[in-house]
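Please open the model in a viewer and keep the sequence panel visible. The stops below follow an order of selection.

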Amino acid sequence: LSELRKRLFLAESKVQHFEAQYGIRLEQLDAEGLPDDASHEMHEDYIMWHHWADVATKARQDINSLEEIAQHGLQIGP
């Protein structure tokens, strides 16, 4: 769980960095598309931005699953 929380923190930090750098949230950028004059760097950042957003989502899901198991215990069988 500790490693997942570290991964989530890193991923969220990366996403926030891109949001601050470009002044837009990824969801909005996806909806609007990259600007016509987007640089090569922005295209590369966009790919990494999506990567880190996916990592954050997966880490959140894994943390929630583990916390639920910790709360209720692992139940095997009927």
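Helices are DSSP runs of at least four residues, numbered from the N terminus. The model is a predicted one.

**First stop: the largest pocket**

Select helix H1 (2-22), helix H2 (26-32) and helix H3 (40-72); each of these supplies at least two residues of the lining of the largest pocket. Which helix gives the largest share of that lining? The answer is H3, with seven residues. The lining comprises 14 residues in total. To find the centre of the pocket, select Val 15, Glu 19, Glu 27, Ala 53 and Arg 60, the lining residues that lie nearest to it. The space in this pocket amounts to about 220 Å³. Colouring the lining by class will show five nonpolar, three polar and six charged residues.

**Second stop: Asp 45**

Next, select Asp 45, which is found in helix H3. Is this residue paired or unpaired in a salt bridge? Asp 45 is buried yet has no salt bridge. Lys 14 carries the nearest side chain of opposite charge, and it is 9.7 Å away; a salt bridge requires a side-chain nitrogen of Lys or Arg within 4 Å of a carboxyl oxygen, so this pair does not qualify. Now display the surroundings of Asp 45: leaving aside residues up to four places away in sequence, Asp 45 touches Phe 18, Gln 21 and Tyr 22.

**Third stop: the salt bridges**

Side chains of opposite charge can pair when their charged atoms come close. The structure holds six salt bridges, and three of them may be visited in turn.

- Select Lys 6 and Glu 3, whose closest N and O atoms are 3.5 Å apart in a salt bridge. Both residues lie in helix H1, three residues apart, about one turn of the helix. Both are exposed.
- Select Asp 62 and Lys 58, which form a salt bridge with the closest N and O atoms 2.9 Å apart. Asp 62 counts as partly exposed because its relative accessible area is 23%, and Lys 58 is likewise partly exposed, at 46%. The two residues lie in helix H3, four residues apart, about one turn of the helix.
- Select Glu 19, Arg 25 and Glu 27, which are joined into one network by salt bridges that share partners. Within this group, Arg 25 forms a salt bridge with Glu 27, the closest N and O atoms being 3.5 Å apart. Arg 25 has 48% relative accessibility and therefore counts as partly exposed.

**Last stop: back to the pocket**

Keep Glu 19 and Glu 27 selected and return to the largest pocket, where both are among the lining residues nearest its centre.

Terms used:
Residues are numbered from 1 along each chain as its sequence is written. This is a predicted model: local features need pLDDT of at least 70, side-chain atom pairs count only at pLDDT 80 or more; totals for chains, interfaces and linings use all residues. Side-chain values use heavy atoms; hydrogens and water are left out. On a 1 Å grid over the protein atoms alone, a cavity is a set of points where a 1.4 Å probe fits but cannot get out, and a pocket is an open set with protein on both sides within 12 Å along at least five of seven lines; lining residues have an atom within 4 Å of a point. Grid points are joined across faces, edges and corners, and a volume is the space filled by probe spheres set on the points. Ala, Val, Leu, Ile, Met, Phe, Trp, Tyr, Cys and Pro count as nonpolar, Asp, Glu, Lys and Arg as charged, and the others, Gly among them, as polar. Buried means under 20% relative accessible area, exposed over 50%, partly exposed in between (1.4 Å probe, protein chains only). Lys and Arg count as positive and Asp and Glu as negative; His and the chain ends are not counted. Contact means heavy atoms within 4.5 Å.
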